[in-house]
Amino acid sequence: MRLFQGRVFGLARFYLRDREEARDVAQEAFIRIYRNLGTLEVGSNFTAWALRITRNCAIDRLRHIEARPPTGELPDDDQLVESPGTTGAFEDPVGENQQLLQRALALLSAAHREMILLKDIQGLEQHEIAEMLSLPLGTVKTRASRARVELARRILELDPSYGTS
Amino acid sequence: MDCARFEELLFAGLDAELEPVERERMAMHEHGCARCRQLATVVAGNAEPPPRDVADEIAAVVFEQTSGATVLARLRRDLLPLAEADPGPEFLGAVLAATSDRDRRRASPRVYLPRLDLSGLWQRLAQRPRLALEGSFVVTMMALMIFGLPSASTAESPVRAFDSWWRGRTDAARQLIENASESAQRGFDSLWNESGAGDVEPDNPD
């Protein structure tokens, strides 16, 4: 559990953007992981499985926070991922480099930001992301590539010297 | 050859000469892949404006392979540390406490009182044809043993046989008790007469 608490909390914080909410979600995620260990298939990737549970917990919490939209329908996951903060910035960025990355991440679309999170930050395989997001593998490949390029362009807009030093 | 290999060789070919075999494979792939054909045209610098959705992807590929290459390489390095965050020293204890509480609740003794639902049991049993057949066979056999065959009127049924046997045993026992009682009475009378107690005149009340 010590090995994964940082990643589970990091993922939860990305979605919730509130430290206390993220702690609650991470705790709930660990409880679900603990209770569902028996359902983990032999040979499957534990990290991807645990992060998928964490994402589901975060989405559930976001639905709860959304407190019933006017239409009476539940919002899509993409809308939920977009909604909690207007800036998308974390509460406690450490260092100028991380601040720059988080400002650039906040400028991305929700779908691209989540793709960066799962692929480049959490290091999940494309097929694992496809399964997690219920997307075709080809869509994940294209979206991951575009998201990375968009992030690089946003970073260069904020800091033209990035990558040269 | 796939698109990724084509891209790799396309941009490698800008800086160095490719093997003839590789060029031939690239030409074959380019012939059959519209996307890579457009990419090669853009890289060659004489592109017609391609469709917008393809243009974005091709522009991304060109960016990845040229000016954006160093940025993307640094991004890969800088993004990884964002994967983890420290939830605080008390987080582990809180999770362990929460899971152990749930374990305790789950392991708490529960008293399961069996409900006696005979009608339900019977219905369930009756729905199993083989069991119902066997049960009815057993019940029939028991009825025959107890009451006898209806047509065998002369034959004594087991119940009647038991009844007569029981009556015989009780009559014999009753006879034995009566005999013992009579012999005891006789013995007592003889002792009474021998002692002379029987000769004493009763007191005259006058």
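The legends below describe close-up views of a predicted model of chain A and chain B.

**Figure 1. The interface between chain A and chain B in the predicted complex.** In this view, 38 residues of chain A are in contact with 34 residues of chain B. The two chains bury about 3400 Å² between them, and carbon and sulfur atoms contribute 63% of that area. Arg23(A), Ile121(A) and Tyr162(A) account for 16% of the area that chain A buries against chain B, more than any other three residues. The predictor assigns the complex an ipTM of 0.73 and a pTM of 0.56.

**Figure 2. The salt bridge between Arg23(A) and Glu90(B).** The N to O distance between these side chains is 3.3 Å. The count of salt bridges between chain A and chain B is one. For polar contacts between the two chains, the count is seven residue pairs, with both residues at pLDDT 80 or more.

**Figure 3. The side of chain A that touches chain B.** At least two residues of this side come from each of helix 1 (2-16), helix 2 (19-35), helix 5 (95-106), helix 6 (110-121) and helix 8 (137-158) of chain A. Sorted by class, the residues on this side of chain A comprise 16 nonpolar, eleven polar and eleven charged.

**Figure 4. Confidence along chain B.** Chain B has a mean pLDDT of 76, with 76% of its residues at 70 or more. Within chain B, helix 2 (residues 20-32) has the highest confidence, at a mean of 88, and helix 6 (residues 91-107) the lowest, at a mean of 70. Predicted coordinates should not be read in detail where pLDDT is low.

Conventions: Residues numbered from 1 in each chain as written. Chains lettered and ligands numbered in written order. Heavy atoms only, no water. Contact = heavy atoms within 4.5 Å. Buried area = accessible area lost by both parts, 1.4 Å probe. Salt bridge = Lys/Arg side-chain N within 4 Å of Asp/Glu carboxyl O. Polar contact = N/O pair within 3.5 Å; in protein donor to acceptor, adjacent residues only side chain to side chain. Helix = DSSP H or I, 4+ residues; strand = E, 2+ residues; numbered from the N terminus. Nonpolar A, V, L, I, M, F, W, Y, C, P; charged D, E, K, R; others polar. pLDDT = per-residue confidence, 0-100.
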